[in-house]
Amino acid sequence: RVTKRELGSLPKRYNDWIFDLTADQRRMIKSLKDDLVAVLADGTEIDVSNVNSPLDKIQQVASGFIFDEKGQPEWLMPPADNPRIQAMLQWLEASPGKAIVWSRFIPDKVIIAEALKAAKITYCEYHAQVSNKARDEAKAAFMDADGPRVLVAGKSASTGLDGLQDHCRQALYYNNSFDSIYRWQSEDRIDRI
């Protein structure tokens, strides 16, 4: 057993792709942050293990939606006006070759798929809302040199998807989980030898 360094593997490279939120998104996030600061000032403990935590709501607003009281996504803008979607499409245009787009929430995956379809970028999906059979088919299609260019992936792909290293060398994190092990594992889907 040897380390990546002992093998002479190059280190991972990270780049930021900056975009601006809309004025409404900034206003909503400021309000959520102010509420969070008030709760923390009272000494209240918060739990980030569900989609209703204040930090999750901030992340959702930044992605262009928020869950209503019934747990249904409420879109803050049409996909074509979503600055995060626009940034993703610009990144894909500037980054030739296959790519994995990682996202955390199911509404993200829906809007990502809509945007890719509208931009005529081929894609397949590998996440919890996709059956095991469809995941296997998506992996095989993505690994085919002539297959889809983008794999829209979620948490389940971060630990259950191997063999992509020779087929894909880049990933975009549409958003992240607060669980760092999933981030580290997802990075290794395209990094490990």
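**A guided look at strands, helices and a loop**

Guide: Welcome! Let us begin with one pair of residues: I100 has A171 of strand 6 standing opposite it. Please keep in mind that this is a predicted model.

Visitor: Thanks! Which strand does strand 6 pair with, and how many bridges join the two?

Guide: Two strands count as a pair once at least two bridges are found between them. Here strand 6 (residues 171-173) is joined to strand 3 by 3 bridges, and the two run parallel.

Visitor: How many bridges join strand 3 to strand 5?

Guide: There are 4 bridges between strand 3 and strand 5 (residues 150-153), and these strands run parallel. You can find the pairing by looking at single residues: A99 has V150 of strand 5 as its bridge partner, while W102 stands opposite A153 of strand 5.

Visitor: And how many bridges join strand 4 to strand 5?

Guide: Strand 4 and strand 5 run parallel and are joined by 4 bridges. On this side, E125 stands opposite V152 of strand 5.

Visitor: How do I read the two faces of a strand? Are the faces of strand 3 covered or open?

Guide: A residue is called buried when its relative accessible area is under 20%, so check each side of the strand against that cut-off. In strand 3 (residues 99-102), A99 and V101 lie on one side, I100 and W102 on the other, and all are buried, so both faces are covered. Strand 5 can be read in this way too: V150 and V152 point one way, L151 and A153 point the other way, and all of them are buried.

Visitor: Now the helices. How does the reach of helix 6 relate to what is expected?

Guide: The expected span is 1.5 Å times one less than the number of residues. Helix 6 (residues 132-143) has 12 residues, and its reach from first C-alpha to last is 17 Å, close to the expected 16 Å.

Visitor: Which residues of helix 6 are buried?

Guide: The buried residues of helix 6 are R135, A138 and F142. Looking down the helix axis, you see the buried residues fall within an arc of 60°, so they line one face of helix 6. On the face turned away from that buried side sit K133 and D136, which are exposed.

Visitor: What about A134: where is it found?

Guide: A134 is found in helix 6, and it counts as partly exposed because its relative accessibility is 27%. Its C-alpha is 9.4 Å from that of C124, a residue 10 places away in sequence.

Visitor: What is the reach of helix 5?

Guide: Helix 5 (residues 106-118) has 13 residues and reaches 19 Å from its first C-alpha to its last, close to the expected 18 Å. Its buried residues are P107, D108, K109, I111, I112, A113, A115 and L116.

Visitor: Which residues does I106 touch?

Guide: I106 belongs to helix 5. Leaving aside residues up to four places away in sequence, I106 touches H127 and Q129. I106 also shows how distant parts of a sequence can be compared: its C-alpha is 8.5 Å from that of G154, although they are 48 residues apart along the chain. With a relative accessibility of 32%, I106 counts as partly exposed.

Visitor: What is there to see at K120?

Guide: Start with the general rule: most residues other than glycine have a negative phi. K120, which is not a glycine, has a positive phi near 60°. K120 comes just after helix 5, in the loop leading to strand 4 (123-126). Is K120 buried or exposed? Its relative accessibility is 75%, so K120 counts as exposed.

Visitor: Let me step back. How many helices and strands are in the chain?

Guide: The chain has 8 helices and 6 strands. Reading from the N terminus, their order is α-α-α-β-β-α-β-α-β-α-β-α-β-α.

Visitor: And how does the radius of gyration fit a compact globule?

Guide: For 193 residues, a compact globule would have a radius of gyration near 16 Å, and the chain's 18 Å agrees with that. Along the principal axes, the C-alpha atoms fill a box of roughly 50 × 40 × 30 Å. Of the 193 residues, 37% count as buried.

Visitor: What share of contacts join residues at least 24 apart?

Guide: Among contacts between residues at least 6 apart in sequence, the share is 71%. As for the outside, the accessible surface is about 11,700 Å², with 51% of it belonging to carbon and sulfur atoms.

Definitions and conventions. Residues numbered from 1 in each chain as written. Predicted model: local features only at pLDDT ≥ 70, side-chain atom pairs only at ≥ 80, totals over all residues. Heavy atoms only, no water. Buried < 20%, exposed > 50% of the residue type's maximum accessible area, 1.4 Å probe, protein only. Arc of directions from axis to C-beta. Rg over C-alpha atoms; globule rule 2.2 N^0.38 Å. Contact = heavy atoms within 4.5 Å. Areas by Shrake-Rupley, 256 points an atom, 1.4 Å probe, with all protein chains shown as cover.
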